[in-house]
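Please open the structure in a viewer and keep the selection tool at hand. The tour below proceeds stop by stop, giving at each one a selection to make and a description of what is there.

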Amino acid sequence: IMVLEKGGGEAGAAITAASAALADAGLELRDLTPGCHVIRADGQLLLDPGAGETARADASLLLAAMPTAQAVTLVAAEGAWSGAELAAAQQLALGGCAQLREAVRGALIEAAAAR
């Protein structure tokens, strides 16, 4: 995957794109695997931050999951997190992954129907 422009959240987008590409190529997958990036900036948790928000981050979490299978496939955390903050960031990322899965699934169905 080639990133043409860095604006924050590239790793999550790359994970999602790779999963979508594998599914689009016809590989049988247990589930789509979207990735989401959550940061803590100015005391707030932000899902899918932009470059300006990422620059202000004092902690970040990258999470990839298979929402239908209810399985987390990747967790990478940086910075100091309390247990409660990390749990909240994980839940935010899981919710984002579930939304992304549905969007990617819809795009794959639409692409397949157009062929």
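Begin by selecting Ser 19, which is buried, with a relative accessible area of 8%. The model on display is a predicted one. Ser 19 belongs to helix 1, the run of residues 10-24. Leaving aside residues up to four places away in sequence, Ser 19 touches Leu 29, Leu 32 and Thr 33.

Select Thr 33 next, in the loop that lies between helix 1 and strand 1. Is Thr 33 buried or exposed? Thr 33 is buried, because its relative accessible area is 17% and the cut-off for burial is under 20%. Display its contacts as well: beyond residues up to four places away in sequence, Thr 33 touches Ile 15, Thr 16, Ser 19, Ala 64, Ala 65, Met 66 and Thr 73.

From here, turn to the sheet. Four strands make up an open sheet in the order 2-1-3-4, with antiparallel pairing. Its edge strands are strand 2 (44-47) and strand 4 (71-78), each of which pairs on one side only. On average, neighbouring strands of this sheet are turned by 20° against each other, direction ignored.

The pairs of strands can now be visited one at a time. Select strand 1 (residues 35-41) together with strand 3 (residues 57-66): seven bridges pair these two in the antiparallel sense. To find one of these bridges, select His 37, whose partner in strand 3 is Leu 62.

Strand 1 is also joined to strand 2, by four bridges, and these two strands run antiparallel. Select Val 38 here; its bridge partner in strand 2 is Leu 47. The hairpin of strand 1 and strand 2 has two residues between the strands, and in it Asp 42 takes a positive phi near 55°.

Then move to strand 3 and strand 4, an antiparallel pair with seven bridges. Met 66 has Ala 71, in strand 4, as its bridge partner. These strands form a hairpin with four residues between them, and Gln 70 in the turn has a positive phi of about 50°.

The next stop concerns two cysteines. Select Cys 36, which counts as buried at 7% relative accessibility. How far is the sulfur of Cys 36 from the closest cysteine sulfur? The closest one is in Cys 97, at 3.6 Å, which is too far for a bond, because a disulfide requires sulfur atoms within 2.5 Å. Cys 97 is accordingly in no disulfide, and Cys 97 also counts as buried, at 0% relative accessibility. A search of the whole structure finds zero disulfides.

Keep Cys 36 selected for the final stop, since Cys 36 is also among the residues that line the largest pocket. This pocket holds about 160 Å³ of space. To outline the pocket, add the other lining residues to the selection: Gly 8, Gly 9, Gly 12, Ala 13, Gly 35, His 37, Leu 47, Asp 48, Gly 96, Gln 99 and Leu 100. Which elements give two or more residues to the lining? They are helix 1, strand 1 and helix 3 (83-114). Two of the lining residues have appeared earlier as bridge-forming positions: His 37, the partner of Leu 62, and Leu 47, the partner of Val 38.

Definitions and conventions:
Residues numbered from 1 in each chain as written. Predicted model: local features only at pLDDT ≥ 70, side-chain atom pairs only at ≥ 80, totals over all residues. Heavy atoms only, no water. Buried < 20%, exposed > 50% of the residue type's maximum accessible area, 1.4 Å probe, protein only. Contact = heavy atoms within 4.5 Å. Pairing = 2+ DSSP bridges. Axes fitted to C-alpha atoms, helices over the stretch in contact; angles between N-to-C directions. 1 Å grid on protein atoms, 1.4 Å probe; cavity = no way out; pocket = protein on both sides within 12 Å on 5 of 7 lines; lining within 4 Å. Points joined across faces, edges and corners; volume = space filled by probe spheres on them.
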